[in-house]
Amino acid sequence: MDQPAWNRSEGRDHILPVHHPWSFKSVRKFMKKAIWLLPDMDSTGNWYKPGQVYLEKDLILPYVANLDLCDAKCLSSSRRTTLLFFRGRLKRNAGGKIRAKLVEELRGADGVSIEEGTAGEGGKEAAQSGMRKSIFCLNPAGDTPSSARLFDAIVSGCIPIIVSDELELPFEGILDYRKIALFVSSSDALQPGWLLSFLKSVSTAQIKEMQANLAKVCRFFLVEILK
């Protein structure tokens with residue numbers, strides 16, 4: 001903050017990669033005029049304080065998908081026998097606390113697979129296998145309002161079920177997420193039996209249409225490392 005480059009505009013022409021809920025946390029109040037690169041944005045106050053982030057100033061970029069792309073051949077050969085899949089950490093703080101409540105509601109239900117996530121190649125393989133066998137993939141809040149799991153689901157051809165009340169996602173200006181994902185409120189998702197009844201009511205025609213749309217837009221979420 002003592003640098004002339006910062007003081008000429010109080011940081012307005014600086015770009016900061018705030019791509020984790022704890023990034024720059026202790027100094028955010030001094031840097032709120034800078035342009036922030038965010039994985040998502042919410043207005044609940046669980047992750048970012050009022051006045052720190054807003055669409056007129058900041059840019060939302062997706063998490064990098066951890067899984068391999070399920071291309072057209074993969075999509076056509078995938079046998080999706082699981083209705084709903086989730087693999088990840090089952091306990092999170094702040095807005096991510098809904099995970100534990102959803103697990104309690106859904107665990108053991110017919111057609112539902114819920115697994116505790118693990119790091120490393122074994123965890124990646126298990127997540128990739130599970131998503132490619134599933135019609136829907138559960139995406140509750142995690143460390144941030146969304147999570148990398150959302151983009152893993154997209155590249156896996158698994159229709160994301162986004163459980164969120166206030167959320168801005170990457171590329172909303174050019175992508176209509178309602179063509180590739182289903183959005184449900186936290187209150188609805190936690191009603192006993194509501195979520196599974198809702199998913200079972202989705203027609204086969206709508207599922208196929210959304211899967212086709214996923215295949216069209218997944219390229220937006222692939223990152224090529226330039227050497």
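# Strands, sulfurs and cores

Guide: In this predicted model, strand β2 (residues 35–38) runs parallel to β1, and three bridges join the two strands.

Visitor: What makes β1 and β2 count as paired strands?

Guide: Pairing requires at least two bridges between two strands, and β1 and β2 are joined by three, so they meet the requirement. One place to look is I15, whose bridge partner in β2 is I35.

Visitor: Why are β1 and β3 called edge strands?

Guide: The sheet is open and consists of three strands, in the order β1-β2-β3 with parallel pairing. Both β1 (15–17) and β3 (59–60) pair on one side only, and that puts them at the edges.

Visitor: Which strands stand at the edges of the five-stranded sheet, and why?

Guide: That open sheet has the order β5-β4-β6-β7-β8, again with parallel pairing. Its edges are held by β5 (112–116) and β8 (182–184), because each has a single partner strand and therefore one side without a neighbour in the sheet. On average, neighbouring strands here are turned by 25 degrees against each other, if direction is ignored.

Visitor: How do you know that β4 pairs with both β5 and β6?

Guide: Again the bridges are set against the requirement of at least two. Strand β4 (residues 82–88) has three bridges to β6, in the parallel sense, and five bridges to β5, also in the parallel sense, so both pairings qualify. Individual positions can be followed as well: T82 stands opposite S134 in β6, F85 has C137 as its bridge partner in β6, and R87 has E115 as its bridge partner in β5.

Visitor: What makes β4 a mostly covered strand, and what lies across it?

Guide: Seven of the seven residues in β4 are buried, and buried here means a relative accessible area under 20%. Helix α5 (residues 120–132) lies across β4 and β6, and its direction makes about 160 degrees with β4. Helix α9 (residues 204–217) also packs on the sheet, where it touches β6, β7 and β8 and makes about 95 degrees with the direction of β7.

Visitor: How do you know that C70 and C74 form a disulfide?

Guide: Their sulfur atoms are 1.9 Å apart, and the cut-off is 2.5 Å, so the pair qualifies as a disulfide. The torsion about its S-S bond is about -90 degrees, and the disulfide is therefore left-handed. With a relative accessibility of 3%, C70 falls under the 20% limit and is buried; C74, at 13%, is buried by the same limit.

Visitor: Why is the disulfide of C137 and C158 called right-handed?

Guide: The torsion about its S-S bond is about 105 degrees, so this disulfide is right-handed. Its sulfur atoms lie 2.1 Å apart, which is within the 2.5 Å cut-off. The bond links distant parts of the chain, 21 residues apart: C137 belongs to strand β6 (residues 134–140), while C158 sits in the loop between α6 (148–156) and β7 (159–163). Both cysteines are buried, C137 with a relative accessible area of 1% and C158 with 0%.

Visitor: What pattern do the disulfides follow, and how do you know that C218 is in neither of them?

Guide: There are two disulfides in the structure, and their pattern is 1-2, 3-4 when the bonded cysteines are counted along the chain. For C218, the nearest cysteine sulfur is that of C70, at 8.8 Å; the cut-off is 2.5 Å, so C218 does not qualify. C218 nevertheless counts as buried, because its relative accessibility is 8%.

Visitor: Which residues touch the most other members of the largest nonpolar core?

Guide: This core has 50 residues, and L84, F136, L138 and I161 touch the most other members. Helix α6 supplies the largest share of the core, six residues. Once neighbours within four places in sequence are left aside, the contacts of L84 include L106, V112, F136, L138, I161 and L199. Apart from this core lies another, of 11 residues, among them W6, L16, W36 and L38.

Visitor: How is the chain divided into domains, and what distance separates their centres?

Guide: Domain 1 covers residues 10–61 and domain 2 covers residues 72–221. Their centres, taken over C-alpha atoms, are 26 Å apart.

Conventions:
Residues are numbered from 1 along each chain as its sequence is written. This is a predicted model: local features need pLDDT of at least 70, side-chain atom pairs count only at pLDDT 80 or more; totals for chains, interfaces and linings use all residues. Side-chain values use heavy atoms; hydrogens and water are left out. Buried means under 20% relative accessible area, exposed over 50%, partly exposed in between (1.4 Å probe, protein chains only). Helices (H or I, at least four residues) and strands (E, at least two) are DSSP runs, numbered from the N terminus. A nonpolar core is a set of buried Ala, Val, Leu, Ile, Met, Phe, Trp, Tyr and Cys residues joined through side-chain atoms within 4.5 Å. Contact means heavy atoms within 4.5 Å. Domain bounds come from an automatic or database domain assignment. Axes are lines fitted to C-alpha atoms, for helices over the stretch in contact, and angles run from 0 to 180 degrees between N-to-C directions.
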